[in-house]
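Here is a short briefing for a reader new to this structure. Please look over the sequence and the model before reading on.

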Amino acid sequence: MRLRLPQILILFQVNLMVSQTSLGEINLENGMYTVGFRHYPTLDSSRTYSRAMDYTNKKVPRPISISLWYPAEQIGKGMEPLQVLDYLEILKEEEEWEHLPNNQILNWFYYPNTPANQKHLKENTTAYSKADFRKEKFPVVVYAPSFMASSIENFALCEYLASHGFVVISSLSRGTETRWFSNNNAKEMETQARDMEFLIKEVGKLPMADYDKIALMGFSFGGLSNIIVQNRNDMVKAIISLDGTERYQYGLLEQSPFFDAAKIDVPYLHMAQKDIPDNVLKEDKINAELNTKFPLYDSITQATTYRLKFHDLTHSYFSTLGILFADRDKRQDKSDSKIMESYKWVAAYTLHFLDAALKKDNNAMQFMDNEPSGNGVTQDLISQTTKRPEKRAYTFQDFNDLASVQNYKNLSQLYDSIVKSHPAFTIPEGNLNTLGLQLVFNPKTSSQGIEVFLLATRLFPYSANLYDSLAEGYLYIGNTEKAIESFEKSLALNPQNQNAIDRLEQLKK
């Protein structure tokens, strides 16, 4: 018996041939740090969950299975690196078959039980289980796996990044209610986004994690959830997409009430598979526009965006497990040597992008700005387009963001400095009036509301309505003298202001 394949793994599973690769042949060039690895379960008690094969339908807190790669201290004597089988034991646990005998793993899950795949299980990785954390701070990468995939699906890339000075944290892609996704992909996208946000909070508990330097990385379906996470979390400083589904399912993003392309204001790198051949498009009933259209990329205006196309990679081979274990599609897949060479470049671009975005490394920035040929990429392996952020108009929201940081004090100086840098900037009178009233009638922010009205009456000295609002603010905080003075100014500007007439009559009794 074999479990059903996740959807994303069966997209091109016809006319297959067996893969012949190894970690040694991929040969990612690890950095200076020893790689530590830890895997542990935790719970999100704010949500409920049922094990897929627990027919009692018992509800439990949502389990979060965490895999963590990190720069470690030098390993102790006698410590041995993890083998690939150690990672697949985590896959077994995350699929809720933790008691399955190891000799059944290849029969049971996604990959054929061939001599080549059995050989992979015995290969050594570069990570050491439970090695001591280094006593330094490192930037963080939060990894979102593909459709219903394991937290360890890209373990070689995660080890590679840890060896170069990054903490990488991942959790499996799990359905909202059980291990399996429902038919509502919008709901599952939101669930995965919440899981990634849980990981971001978990990062705050790690002694070696630099919480001010967080990037998101996702493969396939994980790319969708990462856009939502970035849209609503300011601590995210960069996004890496490994052939992320946000390219193919923009309509799914639009179903989220949190999605707004204008909020993508951090560096974004999308690495895409090669063009799908016409015969595969026809046989698999795939829309040919997937080769050319990328509405999200076109919609991003406030961030530097890099779009790379890998002409020797199909979708599955943006993950370690895909390269090692997945069968090849004779209709379109390149040779194993070309696939492994391309994966090395995926890793290299990921590292340089992170070094540029999180570490502000000048050499890495230059690498990202080069044409691929300038980085030593062989001709026709990768094509790249880069888009810079558009210069946008300064908005009232921008002004309010700065004003709130300084508790709405010294607003005239703030306004003057903004106008000096952005001469076209203007503030609508109605926005100031609304903001002032919201603040002034809140006992905790009444004085801030007065400051807003003082700026408003400076900018609009002939507005009877603003002086009337300022007067109401003074009256609310008990400054009767100032209230009378402001009502009188309002009445002088508009003798028909009945509210000012009535208030002054009451106040002067």
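The points below cover the sheet, one of its strands, and some helices.

This is a predicted model, in which local features need pLDDT of at least 70, side-chain atom pairs count only at pLDDT 80 or more, and totals for chains, interfaces and linings use all residues. Residues are numbered from 1 along each chain as its sequence is written, and side-chain values use heavy atoms, with hydrogens and water left out.

**The sheet**
- Ten strands form an open sheet with mixed pairing, in the order 4-2-3-6-5-7-8-9-10-12; strands (E, at least two residues) and helices (H or I, at least four) are DSSP runs numbered from the N terminus, and two strands pair if DSSP finds at least two bridges between them.
- Strand 4 (127-129) and strand 12 (382-387) are the edge strands, each pairing on one side only.
- Strand 10 (residues 305-310) pairs with strand 12 in the antiparallel sense over six bridges, and phenylalanine 310 has isoleucine 382 as its bridge partner.

**Strand 5**
- Seven of the seven residues of strand 5 (residues 138-144) are buried (under 20% relative accessible area, 1.4 Å probe, protein chains only), so the strand is largely enclosed by the rest of the structure.
- Strand 5 runs parallel to strand 7 (residues 209-219), joined by six bridges; tyrosine 143 is partnered with methionine 217.
- Four bridges join strand 5 to strand 6 (residues 167-171), also in parallel, with valine 142 opposite isoleucine 169.

**Helix 12**
- Helix 12 (residues 336-359) has 24 residues and spans 33 Å from its first C-alpha to its last, close to the expected 34 Å (1.5 Å times one less than its number of residues).
- In helix 12, 18 of the 24 residues are buried, so the helix is largely enclosed by the rest of the structure.
- Lysine 360, just after helix 12, takes a positive phi of about 55 degrees.

How values were computed
Buried means under 20% relative accessible area, exposed over 50%, partly exposed in between (1.4 Å probe, protein chains only).
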